[in-house]
Amino acid sequence: MPTSNRNLNRPSLSHIDIEHDLEHKQWNRRSFLQTLGLAGSGSMFLAGSTLSAAKLSPLTMALNDTEGERVLVLIRLKGGNDGLNTIVPLNQYDTYANARPKIALPENSLYKLSDEFGLPDFMSPLQKMWGEGQMKVALGVGYEDGNLSHFRSSDIYATAIAEEKEKAGIFGRFYETEYPDFLANPPLAPPAIQIGSIGNLLFDGETNHYAFTVSQPGQLERIAELGAVHDVNNLPNCIYGEQLGFMRGLSNTTYKYADVIKAAYDASSTTADYNLQGDPKPKLAKQLQIIARMIKGKLGTKVYMVTLSGFDTHANQIDRHAELMNDLAASVNAFYEDLAELEMDKDVLAMTFSEFGRRVSENGSKGTDHGTSSTTLFFGGGLDGNGFIGTQPDLDDLNRTGNMSSSMDFRKLYATALREWLCINPDTVDSLFPEGKQESETLGFDCNGIFGRENGAGIFNVPTYQNNRAYIEFELPNDGHVDIQLYDILGKSIGTITNEIRCKGMHKIDVQQALGNVHLSTGQYVYRIFTNLQAASKMIQIK
């Protein structure tokens, strides 16, 4: 590749460093805000019903309506994984090696998956899975006009929408329209479980986070072992200990799913060697070990997300990347060996994703800078054979910043997993991609025409705000009785907003005015609306 292509319009190093630091500050701010709300990932009581903030997206609710025991495990490679040092293009090896004189992997160290592609020796645990037909590789994965900001590209991968204004993830944004009363009627098991990636939008709806989320695997393991978030037994024998016990007990009661997680955890065991002994900082292995026990214990959750961090390899990539990918390979192999004990390896599909790839050419720090195209790895006995999908981009045909084009839109892979693996109704899947319907790829599985239920039409309702006043707007398809009740965040009944026959069409109610003499303090409330068709519940802010 001509060297002139590599540095055109490239910012100074100091400018890159400044932008990079600012971006991570923004990312960490969102993570901090989500962490503040982590206690809300459990449940409260609302007028005798459970009010859950581990909210279920309508998509994952639709999963619970589908046939079979299929599970999807999303493995996030956080930081931007280098696809070229993950699956090496042997058919373009000279170009690859010339662009990376210090970090290219030696050709004789690669395990040939085919005549065209090689697997690094540090990913050797995956050789067995490839040989047994439990691994596929998607090539050239990305999206058009790829954004090279960690923050923005992570949002695009989570929302499947390029517009910056979109703040709801693909698994979260249809909650209000399909399953509007989830606040008051959550399912028995968590619809999704997320370890790490606090701040990621994947399970975010318009106003709430929908997955049961923990920042570290140890936190989920503690919940699984104790059936609670906090230990209320080993406390200081003093007034402080009494107060601490009360607060911990109160926090424990907000976690609706602690008991069912513990039951699933206790009903299973680990049989594979995850090589966790002596590891002071367990990364992916510990996460997958816990999830394997949840799956084997029949928890009922169908979507999991785990996180392996450290892929922002601007410097000293060769050792760092090898360590991370060895962690991935060994952990995934152990995970499927664990599931195979109960012949459940065929029911679990795992797929990797990362916010972007790395540039073809190495930089001056023995690393690679942010790039576009990367690879996605699929694992599981349901793949029906190994192989490749898509085409590897031409390493000699780069854009002006030295990046490859993307030949496979990541949204197509999402659509395939949702439609063909989890058997979500095609209409529901299509609605997840407002920028355009995504066709499926052939990965060796399908649903044989069996799909979950279709989108529910439901009653339209939304909280709106104007001049520091809160309103509830709703639309009735026919004349009918409407009953709207308001509750505080702890479930105490505040009063009746309306309870009468209303005509077909749009309606708008001023909440403060409707309650008359009832004083409302500033804060979050929940309203529940009952009609002839259904019940719906939503959060509303009183200012």
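Visitor: When do aromatic rings count as a pair, and which residues form one aromatic cluster in this model?
Guide: Rings of Phe, Tyr and Trp pair if their centres lie within 6.5 Å. The model under discussion is predicted. In the protein, the count of aromatic pairs comes to 9. One aromatic cluster is formed by Y143, Y157, F410 and Y414.

Visitor: Is the pair of Y157 and F410 stacked or edge-to-face?
Guide: Planes under 30 degrees apart count as stacked, and those over 60 as edge-to-face. The ring centres of Y157 and F410 are 4.0 Å apart and their planes stand at 25°, so the pair is stacked.

Visitor: How many residues apart in sequence are the parts that Y157 and F410 tie together?
Guide: Both Y157 and F410 are buried. Y157 belongs to helix α5 (residues 150-159) and F410 to helix α12, so the parts tied together by this pair are separated in sequence by 253 residues.

Visitor: Is the aromatic pair of F335 and Y336 stacked or edge-to-face?
Guide: F335 and Y336 are both buried. Their rings lie 5.2 Å apart, centre to centre, with 80° between the planes. The pair is therefore classed, with planes over 60 degrees apart, as edge-to-face.

Visitor: Which helix gives the largest share of the largest nonpolar core?
Guide: The largest nonpolar core holds 71 residues, and I261, M294 and F335 have the most contacts inside it. The largest share of this core is 10 residues, and the helix that supplies them is α11 (residues 317-340).

Visitor: How many residues make up the other core, which includes L72 and L413?
Guide: This core lies apart from the largest one. Among its members are L72, Y143, Y157 and L413. Y143 and Y157 also belong to the aromatic cluster with F410 and Y414. The size of this other core is 39 residues.

Visitor: Is I261 buried or exposed?
Guide: I261 lies in helix α9 (residues 258-266). Neighbours within four places in sequence aside, its contacts are P190, I193, F212, L220, I223, A224, M294 and L299. Buried means under 20% relative accessible area. The value for I261 is 0%, and this residue is therefore buried.

Visitor: How far apart in space are I261 and G297, C-alpha to C-alpha?
Guide: In sequence, I261 and G297 are separated by 36 residues. In space, their C-alpha to C-alpha distance is 8.9 Å.

Visitor: Which cysteines form a disulfide?
Guide: A disulfide is a covalent bond between the sulfur atoms of two cysteines. The count in this protein comes to 1. The two sulfur atoms are 2.0 Å apart, and they belong to C423 and C447.

Visitor: What is the handedness of the disulfide, left-handed or right-handed?
Guide: C423 and C447 are both buried. The torsion about their S-S bond is about -100°, so the disulfide is left-handed.

Visitor: How many residues apart in sequence are the parts that C423 and C447 tie together?
Guide: C423 is in the loop between α12 (410-421) and α13 (426-431). C447 is in the loop between α13 and β15 (460-466), so the disulfide ties together parts whose separation in sequence is 24 residues.

Visitor: In the open sheet β4-β6-β5, which are the edge strands?
Guide: The sheet has 3 strands, with antiparallel pairing. Strand β6 (residues 117-120) is joined to β4 by 2 bridges, and F117 in β6 is the bridge partner of P89. Two strands pair on one side only, and these edge strands are β4 (88-89) and β5 (110-112).

Methods. Residues numbered from 1 in each chain as written. Predicted model: local features only at pLDDT ≥ 70, side-chain atom pairs only at ≥ 80, totals over all residues. Heavy atoms only, no water. Pairing = 2+ DSSP bridges. Helix = DSSP H or I, 4+ residues; strand = E, 2+ residues; numbered from the N terminus. Core = buried A, V, L, I, M, F, W, Y, C linked by side-chain atoms within 4.5 Å. Buried < 20%, exposed > 50% of the residue type's maximum accessible area, 1.4 Å probe, protein only. Disulfide = S-S within 2.5 Å. Contact = heavy atoms within 4.5 Å. Phe/Tyr/Trp six-rings, centres within 6.5 Å; stacked < 30°, edge-to-face > 60°.
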